[in-house]
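Biologist: I have a structure open and would like to go through it with you. Can we start with the overall layout and then look at the details?

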Amino acid sequence: MKTKAFQRIYTELSAITRATCVLKAEGVTYEELAWVDGRPAQAIKVVGDLVTLQVFPGTEGISTNAEVVFSGHPPQLKVGELLSGRFLNAYGDPMDEGPEIEGEARAIGGPAVNPIQRSKPSALLATGIAGIDLNNTLVTGQKIPFFADPGQPYNNLLAEVAMRAEADKIILGGMGLSNDDYLYFKNTFTQAGVLDKIVCFINTSENPPLERLLIPEMACTAAEYFANDKQMKVLVLLTDMTLYADALAIVANKMDQIPSKDAMPGSLYSDLAKTYEKAVQFAHGGSITIMAVTTLNEGDITHAIPDNTGYITEGQLFLKQDTDIGKVIIDPFRSLSRLKQNVIGKKTREDHPQVMNTLVRLYADAKEAKTKQENGFDLNEYDERCLHFALEYSERLLAIDINISIDEMLDIGWELMQKFFEKYELNIKEALINTYWKKSEDSQLAAEEV
Amino acid sequence: MTKGTITSIVSNLVTIDVDGPVGQNEICMIMNKDVQLRAEVIRVNGNEAFAQVFESTRSVKIGCEVVFTGHMLEVELGPGILSKNYDGLQNDLEKMEGTFINTGDITEPLDKDVLYHFSPLATPGDKVRAGDWLGSVKENWVDHKIMVPFVFEGQYTVKSITETGEYKIHDKMATLVSEDGQEVAVTMTQKWPVKQAIKSYNQKIRPYDILQTGLRVIDTFNPITEGGTGYIPGPFGTGKTVLQQAIAKNAEADIIIIVACGERANEVVEIFTEFPELTDPRTGRKLQERTTIICNTSNMPVAAREASVYVGMTLAEYYRNMGLKVLMLADSTSRWAQALREMSNRLEELPGQDAFPVELPATIANFYSRAGCIELNNRQFGSVTFIGTISPAGGNFKEPVTESTSKVAQCFYALSQKRADAKRYPAIDSMASYSKYLDYQEFREHTDASIQEGWVDLIKKTKDIMRKGLEARDQINILGDDAVPISYHMDFWRSELIDFTIIQQDSFDTVDMNTPLERQKYMINKVMDICDVDMLFDDFQQVGNYFKQLINQIKQMNYSPWNSEEFNKYETALTELMNEKTAIAPSMT
């Protein structure tokens, strides 16, 4: 127990809700950590001598004579090299068999980086997945969520991407993870032999929901330690942020706040931004990249959670089931990486921007042709070509199960354009066409080989 | 000085028990151990003042001492503002120490030790009023006017003025005598409360001249004027920020004020990184030299978001009074509205639509109307053009911020998800968007004289073709390619021609990103000439194929430097392609 001899103990709660309790106390600082019958809690409202505490594990069984002690500081995490390879709970305490964490105690949810101390994120983060690398190229220091339906294999994909991305440290923040998914992450990391470069903060669906509020801040505090103090490239994985937002809504509700859209608190945007904006590229080379998961209800991105997320993050990767090829693809229309402009055609091949855009535009034409077909109209010759193109494009470039280099992706792009279209249908700069469009003999050869 | 103590804390709202008079919007300082936190009074009830704190309230205690300052939130105006990166309260971010912004960090907005070269403009004996020019200093390449402070009321007489030479901002530049004989010293700097508009000018006039942005879909289709107002709503991912940054880079303004209000820090970093490198084509100087950035990113304190837009507007008005063309961009005004909503909610006010405060429409209208074109007391002109972006919840324009803005802004640039999905950038829906300036008689007369006779009519004709094309497209989609006359396909492809060659523009291509008005005029005439030709086709597939070739040639022209050899090559190819059609057409009729 964390009480110290000289600490004052309060034993008179004046109100209890499912998430909070109120008591009379003096000298409390705002956002101070406290314990209610040993349960961690935080001061979220102070009016005169009345303090409202949000009790992270919930208030079940708490009685009005519960013992309350205050810590004198906001919630903290002990940071240090010893974090590596550890599985911790929402309070930063071990949930594995390892020893207690030792290190410097830092307040979580610390101040923002001065914008002028940031560098422009411009180092490529390759994943081998064309739906990401070709169409939505990622860079270190970026923050981007996967928008996925609950049934999609987003956690597997997240683990896969984490393994392929070249990061010095991977920090997993699991919120409401199913126990199976938690074990999946654990096994994947163990089997890949990368335990020394991971730190996990885990709240499973068996744990109290309010504890989820601490997970992103814990993960980001650890990330800031490695990225800023140790100048490492850190990748933070947060899954599932929708469950985090739900926990925010619970507290707001118990605080009698007027809900805004979709019963979410009016401060949802700022609350989410506080976490996502921890993504940063420092001038000294250290960086924090955040990849998150936001689960959707039937693909509805106008819901307040994905909507606010989209306005904060630097793009989103949209998972979609492509029924034509029977695989999950990264939807090229709704997905976006805002920071791709910093690297494509600069750190990657010169034809990258135009090839990418042209392929997506042709895929859009195919979509229109498909609508036409579904409405029972005759397809013209161009429509037919588009549809054939779309199938191959989806199979060879959009599916999430591929793992190739960006040059290979671009070559496939040119191959597909040449197979189905004429030069003038592409609107690509002539200089690029002259370089990459295979001359007729080559293409015939290529065609014969296929 | 009034003092008080803190009696309650909820997030960034504190209540203070005060011992004397307090003013609405008065600034007070919370003394928390060794740091001071700035806060603004937003409601008073008896001897209880409610204040929004511009910093994190973590570790503030009940009973903390509060000192009131007696003034509202002010900015310091003077040479040295350009090229600065401020936070939402005009703290100079460059002067802050450390990697993180710590609670209570306050830095000087201006550089008090820098020498500026001063030349007097007024002479002793001159009668002057607030806003009149006393002298001028060089700030980068801008002639920064030293003015009679805006707070001065009535007429003053110049008693003495400092000679030409090098001075610091707090040196005395002039001595003025008021009508009742009081002497006052004027330095290069003055202060002004940001929530009040600077009105030290003769009159506001109706805007008439295009403010070139280099973007065809704006300048040609829905032009914004010097002193005009515009807004850009769009769902996330439709390119609001790219569009605003493109405008910031290419706009033909003397001064650009960019307010990053509750948006991503990396976007500001992009500006920090690029603007010192990029050259302003008109002056040959670095873009950074004409730019000031106010940044309150989404992870910085929420209350300072509201302050940031007002700080930006006040700086813009200040430069306008020097007879300059100022463009102010705010990204995004929705975050400001959300900040207002958070406070209103904590004050437990009865909510308006979507839980926004009921005075939101009035607040927005008041803010937009601070833009405008003015005639100064000395008959020179200055302007503040304001373009704000809006991030409508769920991408739905039927929400309070978009609706309130639509009532006051004269230009509307609707970003469309559909166009963004199809990578048709900029994703401005040219049909839904509008510029009310096209209907201004002043604008019509000016463009007749400065661009070409009948310019506005030409634009309206272009829009008609676009509209007809969309209708034809709907018909084709309903009835099928074969079931409609070929002329429908012609109509559709004419609109595609305009879409691909005029409206779409590659903001990442070094040539295509910025099209001067002269070139826009040439290209729109070229494209409209093509649209005027009556062509004959055997079947609808021919129409598409032929127009795709036309589009391809014009696109290649767009990618080539104006009047370069390449450009001429593609233009010749285009003419030949045209001749194929026009050569056949007459023989058939």
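**Domains, helices and the chain contact**

Modeller: One thing before the details: this is a predicted model. Chain B is divided into domain 1 (3-72), domain 2 (116-188), domain 3 (203-434) and domain 4 (455-588).

Biologist: How far apart are the centres of domain 3 and domain 4 of chain B?

Modeller: Taken over C-alpha atoms, the centres are separated by 32 Å. In the contact, domain 3 of chain B takes part with 17 residues and domain 4 of chain B with 17 residues.

Biologist: Which elements give two or more residues to the domain 3 side?

Modeller: Those are α1 (216-221) and α2 (240-250) of chain B. The largest share, 5 residues, is from α1(B). Sorted by class, the side of domain 3 of chain B that touches domain 4 of chain B has 9 nonpolar, 5 polar and 3 charged residues.

Biologist: Staying in domain 4, what about helices α11 and α12 of chain B, parallel or antiparallel?

Modeller: Helix α11 (residues 486-503) and helix α12 (residues 517-532) of chain B have axes that come within 10 Å and cross at roughly 165°. Angles over 145 degrees count as roughly antiparallel, so α11(B) is roughly antiparallel to α12(B). The crossing of α11(B) past α12(B) is right-handed.

Biologist: Which residues meet there?

Modeller: From α11(B) there are B:Arg494, B:Leu497, B:Ile498, B:Thr501 and B:Ile502, and they meet B:Met523, B:Ile524, B:Val527, B:Ile530 and B:Cys531 of α12(B). By class, that contact has 8 nonpolar, 1 polar and 1 charged residues.

Biologist: Any sheet in chain B worth a look? In what order do its strands come?

Modeller: There is an open sheet of 4 strands in chain B, in the order β12-β11-β9-β14, with antiparallel pairing. Its edge strands are β12 (142-147) and β14 (165-167) of chain B, each of which pairs on one side only. On average, neighbouring strands of this sheet are turned by 40° against each other, direction ignored.

Biologist: How many bridges hold β11 and β12 of chain B in register?

Modeller: Strand β11 (residues 133-139) of chain B pairs with β12(B) over 6 bridges, in the antiparallel sense. For one position you can find by eye, B:Lys138 has B:Asp143 in β12(B) as its bridge partner.

Biologist: Now chain A. What are its domains?

Modeller: The domain assignment gives chain A domain 1 (13-70), domain 2 (76-342) and domain 3 (352-449). Between the centres of domain 1 and domain 2 of chain A there are 29 Å, taken over C-alpha atoms. Their contact takes 10 residues from domain 1 of chain A and 10 residues from domain 2 of chain A. On the domain 1 side, the classes are 4 nonpolar, 4 polar and 2 charged residues.

Biologist: Which way do α2 and α3 of chain A run, parallel or antiparallel?

Modeller: The axes of α2 (residues 154-164) and α3 (residues 179-191) of chain A come within 10 Å and cross at roughly 20°. Angles under 35 degrees count as roughly parallel, and α2(A) and α3(A) are therefore roughly parallel to each other. Here α2(A) passes α3(A) in a right-handed crossing. A:Asn155, A:Ala159 and A:Met163 of α2(A) make the contact with A:Asp181, A:Tyr184, A:Phe185 and A:Thr188 of α3(A).

Biologist: And α9 against α10 in chain A, at what angle do they cross?

Modeller: Helix α9 (residues 381-398) and helix α10 (residues 406-420) of chain A cross at roughly 165°, with axes that come within 10 Å. These two are therefore roughly antiparallel to each other. The residues of the contact divide into 7 nonpolar, 1 polar and 3 charged.

Biologist: Last topic, the two chains together. How many residues of each are in contact?

Modeller: 59 residues of chain A are in contact with 63 residues of chain B. On the chain A side, β4 (39-47), α6 (268-276), α7 (304-312), α8 (352-374) and α9 each supply at least two residues. By class, that side has 25 nonpolar, 19 polar and 15 charged residues.

Biologist: Which strand of chain B does β4 of chain A join?

Modeller: β4(A) is joined by 2 bridges to strand β1 (residues 3-10) of chain B, and the two run antiparallel. A:Val47 stands opposite B:Ser8 in β1(B).

Conventions:
Residues numbered from 1 in each chain as written. Chains lettered and ligands numbered in written order. Predicted model: local features only at pLDDT ≥ 70, side-chain atom pairs only at ≥ 80, totals over all residues. Pairing = 2+ DSSP bridges. Axes fitted to C-alpha atoms, helices over the stretch in contact; angles between N-to-C directions. Domains from an automatic or database assignment. Contact = placed C-beta atoms within 7 Å. Nonpolar A, V, L, I, M, F, W, Y, C, P; charged D, E, K, R; others polar. Parallel < 35°, antiparallel > 145°, perpendicular 65-115°, else oblique. Left-handed = near helix turned anticlockwise from the far one by under 90°.
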